[in-house]
Amino acid sequence: MRRFVWTVLVALLASCAALPALDPPRVRVADIREVSIEGWELRLLVELRVQNPNGLAIDYDGVDVKLDLQGRTVATGVSGERGSVPAYGEALVALPMRVSLLDLGRQALRMFRDGTPERLHYTLEGKLGSPLFGATRFHAEGELALPGE
């Protein structure tokens, strides 16, 4: 019996090692559809365009996203939405995000105190949850040009 358990364990580990390494999905903000203010929070319904550069579909059962501006978190969002991003395809994923108006105000004060930059550096990090394979993580960053005077 012990030999059987070891054989099964080795077979499972070998099959996991044989799984192809997957590239992370590419994620961009596609649209912001609803905006409301509730107390000290700005609530947004954000649509993310998720592109899958892999030959296998990405099935997910939850989304977690964090948006940083100038190195500080300004928005977060989670959703229990289920879906799939087809192999070499893309999908729109909508999730509610929350922005603390206090945190946003602090960020604006810091920018005015330190001098308003011409561009804002942003980072979008998150994961598509999966009950079988853990999470498929993604990361995107870039710069946003501020409108000129």
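Let's start with a residue on the outside: at 62% relative accessibility, Tyr88 counts as exposed, because the cut-off for exposed is over 50%. Tyr88 sits in the loop between β6 (83-85) and β7. Its backbone is worth a look too, since Tyr88 has a positive phi of about 50° although it is not a glycine. Please keep in mind that this is a predicted model.

**The overall picture**

Stepping back, the protein has two helices and nine strands. Read from the N terminus, the elements follow the order α-β-β-β-β-β-β-β-α-β-β. Of the 149 residues in the protein, 30% are buried. The protein exposes about 10100 Å², and carbon and sulfur atoms supply 58% of that area. Sequence-distant pairs also feature in the fold: among contacts with a separation of 6 or more, 60% link residues 24 or more positions apart.

**The sheet and its helix**

How are the strands of the open sheet ordered? Seven strands line up as β1-β2-β7-β5-β4-β8-β9, with antiparallel pairing. The edges are held by β1 (26-38) and β9 (134-145), each of which pairs on one side only. From one strand to the next, the twist averages 25°.

At one edge, β1 and β2 (residues 41-51) run antiparallel and are joined by 11 bridges. As an example of this pairing, Val29 has Leu48 in β2 as its bridge partner. Helix α2 (residues 101-114) packs on the sheet, where α2 touches β1, β2, β4 (63-69), β5 (72-79), β7 (90-100) and β8 (119-130). The direction of α2 makes about 80° with that of β7. As general background, strands of a sheet pair through backbone hydrogen bonds, either parallel or antiparallel.

Val29 also turns up in a surface feature: together with Ile32 and Val35, Val29 makes a nonpolar patch of about 270 Å². Ile32 has its place in strand β1. With 44% relative accessibility, Ile32 counts as partly exposed, because that value lies between the 20% and 50% cut-offs.

**The loop between β4 and β5**

Two residues are worth visiting here. Gln70 is found in the loop between β4 and β5, and Gly71 is found in that loop as well. Gln70 counts as partly exposed, at 36% relative accessibility, while Gly71 is exposed, with a relative accessible area of 64%. Gln70 has a positive phi of about 55° although it is not a glycine. As for Gly71, its C-alpha lies 9.7 Å from that of Leu120, and the two residues are 49 residues apart in sequence.

**A buried serine in β8**

Is Ser130 buried or exposed? Ser130, found in strand β8, has a relative accessibility of 15% and counts as buried, because buried means under 20%. Which residues does Ser130 contact, leaving aside its neighbours within four places in sequence? Ser130 is in contact with Asp59, Asp61 and Ala135.

**Accessibility at a glance**

Here are the residues discussed above, for quick reference.

| Residue | Relative accessibility | Class |
|---|---|---|
| Tyr88 | 62% | exposed |
| Gly71 | 64% | exposed |
| Ile32 | 44% | partly exposed |
| Gln70 | 36% | partly exposed |
| Ser130 | 15% | buried |

Definitions and conventions: Residues are numbered from 1 along each chain as its sequence is written. This is a predicted model: local features need pLDDT of at least 70, side-chain atom pairs count only at pLDDT 80 or more; totals for chains, interfaces and linings use all residues. Side-chain values use heavy atoms; hydrogens and water are left out. Helices (H or I, at least four residues) and strands (E, at least two) are DSSP runs, numbered from the N terminus. Buried means under 20% relative accessible area, exposed over 50%, partly exposed in between (1.4 Å probe, protein chains only). Contact means heavy atoms within 4.5 Å. Accessible areas come from the Shrake-Rupley method with a 1.4 Å probe; for residues, only the protein chains shown count as cover. Two strands pair if DSSP finds at least two bridges between them. Axes are lines fitted to C-alpha atoms, for helices over the stretch in contact, and angles run from 0 to 180 degrees between N-to-C directions. Patches are made of residues with over 30% relative accessible area and no salt bridge: like charges are joined within 9 Å, nonpolar side chains (Val, Leu, Ile, Met, Phe, Trp, Tyr) within 5 Å. A salt bridge is a side-chain nitrogen of Lys or Arg within 4 Å of a carboxyl oxygen of Asp or Glu.
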